[in-house]
Amino acid sequence: MAKEPTFETPKLKEYPVIPLIQEGAMQHIKPFVAKAEFQERLGFPGELVEGWKDVALNRMGELLSQYRSVQVFLDACVKCGACTDKCHYYLGTADPKNMPVARQDLLRNVYRRYFTLAGKYFPKLVGAVDLTEEVLEDWYRYYHQCSECRRCSVYCPYGIDTAEITMAGREILDSVGIGQKYSNEIIGKVYKIGNNLGLPEPALADTLEGLEEEVKADTGVDVRFPLDQEGAEILLVTPSADFFAEPHVDGLIGYAKVFHQAGISWTLSSYASEAANFALFIGNYENMEKVARRIRDAALKLGVKRIVTGECGHAWRVAYSFWNTLIGPFDFLDANYPQPQHICEFTHSLMKQGVLKFNKAANDHRIVTFHDSCNIARASRMGDKPGGQFVIPREIIKACCNHFYDMAPETIHEHTFCCGGGGGLLTDDLIELRVKGALPRMEALKHVVDEHGVTHLVAICAICKSQFAKVMPYYGFDRDMVISVHQLVGDALDMATTH
Ligand code: SF4
Ligand code: SF4
């Protein structure tokens, strides 16, 4: 049972209902600030620095010259308003500062004041504002009410990406010493232990052994979950939630069954036991590289030929869009395969080759719909055709399940709504935001539940799965409705046929 909320859960209506503005509706929400030791571990000041204003403006200047996109985004907006009703946090909270254009303006108004001639001499005329403590507070508050989902950018005629502005805002906040507790502590855990959950190697080894016994008991087949196996063909990097959290672990069992059925050797790494990379969320490329480099180092040490990434939205974005620049080249891996490869691409290609046989009836007790995760839908791709990230997971689901219904077209594919917990916001100190931000997705889900009797919401992202399992009870749905693509795969795989 969900804990009694101290706020009102929005009522589910037919999407789209655009709320009337409520000034300051989410002014009371902000996440905990990271302690000094966690800030310093990431190379940031431990607390708000003396002369923070100069430090912040210097960092802003550096970001503007390093990443031209940020300056273009700050300059290009014509205030057309097309993005205003596209953010799930605005739709769920009605706070006008959660309109994407208003979120951008928090940084834009300061940029104009200090970095444009008009703003220096005629600030009022161009809406330029001084960088004050109140402005800094607003940055902290509202740049942590954006999940960096990029939905607004799909509708902006100039392609302005608020996610990049949010990342720049968070980077400036870190540089003056006020980083977010949740993300920064997690990055520190990866440096210290190897994964977001702080799961040490012996516990991981025990867990994997337990899973081998569980699968043997269920299927009678010796499916292995290897750890640190040198010379394996594939290194699997997956979000650490897959190791034991529900419903994630059933996805991991699905991956292991696929590897087993394909007869391809694989391994996990205790050193790189995390695919997630929260440094993306804080917009800091130095830390993003440091987290990612563990995976390259593990692949080299284990002598694998391929790297496959498990079900995790932002991890796939980092792998697909950033790995080559940050930790490439991957010339030590087998050039006959995409490097890296998503587990869905891997399973899909085996499926197409006829290597995997499914008994679809095994999933007949499930009527499913699919949630496109933002980072996969709008910030990466799968396969070799545009839109492969929409087609491949759906083809897998349809291959192993008889009852599939998509949600409304304006809420899927590149129009998909964020789960409400992405971008480093999956923390209990933001539960009100998470519940309210989930509203549009819950409305679209309710529609297919009412129309088609949908019983399960399938996802390929660890954050989406955790977020849904937490917030769905607030809307009267059962948390057990959430399921991994690879749980469907694992349950339908015909384990009697071996290759
Ligand atoms: S990136 Fe997503 S969360 Fe952020 S303002 Fe745009 S729609 Fe909202
Ligand atoms: S859609 Fe683009 S140009 Fe229009 S208000 Fe939003 S950010 Fe500005």
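**Figure 1. Helix H10 in its surroundings.** Nine of the 12 residues of helix H10 are buried, so this helix is largely enclosed by the rest of the structure. The model shown in this and every other view is predicted. The buried residues of H10 are Tyr182, Ser183, Asn184, Glu185, Ile186, Ile187, Gly188, Lys189 and Val190, and they pack against helix H1, residues 36-41, and helix H13, residues 285-302. Because a helix is expected to advance 1.5 Å a residue, the 12 residues of H10, numbered 181-192, should span 16 Å, and the 16 Å between the end C-alpha atoms of H10 agrees with that expectation. After H10 comes Gly194, a residue whose phi is positive, near 115°.

**Figure 2. Val33, in the segment before H1.** Val33 lies in the segment that comes before helix H1. Is Val33 buried or exposed? Neither word fits exactly, because Val33 has 18 C-beta neighbours inside 10 Å and therefore counts as partly exposed, whereas a residue needs 20 or more such neighbours to be called buried. When residues up to four places away in sequence are left out, Val33 touches Ile178 and Lys181. The C-alpha atoms of Val33 and Tyr140 are 9.3 Å apart in space, although 107 residues separate the two in sequence.

**Figure 3. The two domains and the side on which they touch.** The chain is divided into domain 1, residues 36-179, and domain 2, residues 188-492, and the centres of domain 1 and domain 2, taken over C-alpha atoms, are separated by 31 Å. How many residues of each domain are in contact with the other? On the side of domain 1 there are 24 residues, and they are in contact with 24 residues of domain 2. At least two residues of the side of domain 1 that touches domain 2 come from each of H1, helix H4 (88-93), H8 and H9. Sorted by class, the residues on this side of domain 1 are nine nonpolar, eight polar and seven charged.

**Figure 4. The shell around ligand 1.** There are 16 residues around ligand 1, and those that come nearest are Cys87, Pro100, Cys146, Cys149 and Cys152. The elements that give two or more residues to this shell are helix H5 (100-115), helix H8 (151-155) and helix H9 (162-176). Which helix gives the most to the shell around ligand 1? It is H9, with three residues. In terms of residue class, the shell around ligand 1 holds eight nonpolar, three polar and five charged residues.

**Figure 5. The shell around ligand 2.** The residues around ligand 2 include Cys77, Cys80, Cys83 and Cys156, together with Val78, Lys79, Gly81 and Ala82. Pro100, Val101, Tyr158 and Ile160 also belong to the residues around ligand 2, while Pro100 is in addition one of the residues that come nearest to ligand 1. By class, the shell around ligand 2 has 10 nonpolar residues, one polar residue and one charged residue.

**Figure 6. Helices H19 and H20.** Helix H19, which runs over residues 439-452, has 14 residues and reaches 20 Å from its first C-alpha to its last, close to the 20 Å expected at 1.5 Å a residue. Its buried residues are Leu439, Pro440, Arg441, Met442, Glu443, Ala444, Leu445 and Val449, and what covers them includes H4, strand E5 (368-370), helix H18 (431-437) and strand E6 (456-459). H19 is followed by Gly453, whose phi is positive, near 70°. In helix H20, residues 462-471, 10 of the 10 residues are buried, among them Ile463, Cys464, Phe468 and Val471. The cover over the buried residues of H20 includes helix H12 (248-262), helix H14 (313-327), H18, E6 and strand E7 (482-484).

**Figure 7. The chain that frames the close-ups.** The chain has 21 helices and seven strands, and buried residues make up 53% of its 499 residues. A compact globule with 499 residues would have a radius of gyration near 23 Å, and because the chain has 23 Å, the two values agree. Along the principal axes, the C-alpha atoms of the chain fill a box of roughly 75 × 50 × 40 Å. Among contacts between residues at least 6 apart in sequence, 80% join residues at least 24 apart.

Conventions
Residues numbered from 1 in each chain as written. Chains lettered and ligands numbered in written order. Predicted model: local features only at pLDDT ≥ 70, side-chain atom pairs only at ≥ 80, totals over all residues. Near = placed C-beta within 6 Å. Helix = DSSP H or I, 4+ residues; strand = E, 2+ residues; numbered from the N terminus. Nonpolar A, V, L, I, M, F, W, Y, C, P; charged D, E, K, R; others polar. Expected span 1.5 Å × (residues − 1). Contact = placed C-beta atoms within 7 Å. Domains from an automatic or database assignment. Rg over C-alpha atoms; globule rule 2.2 N^0.38 Å.
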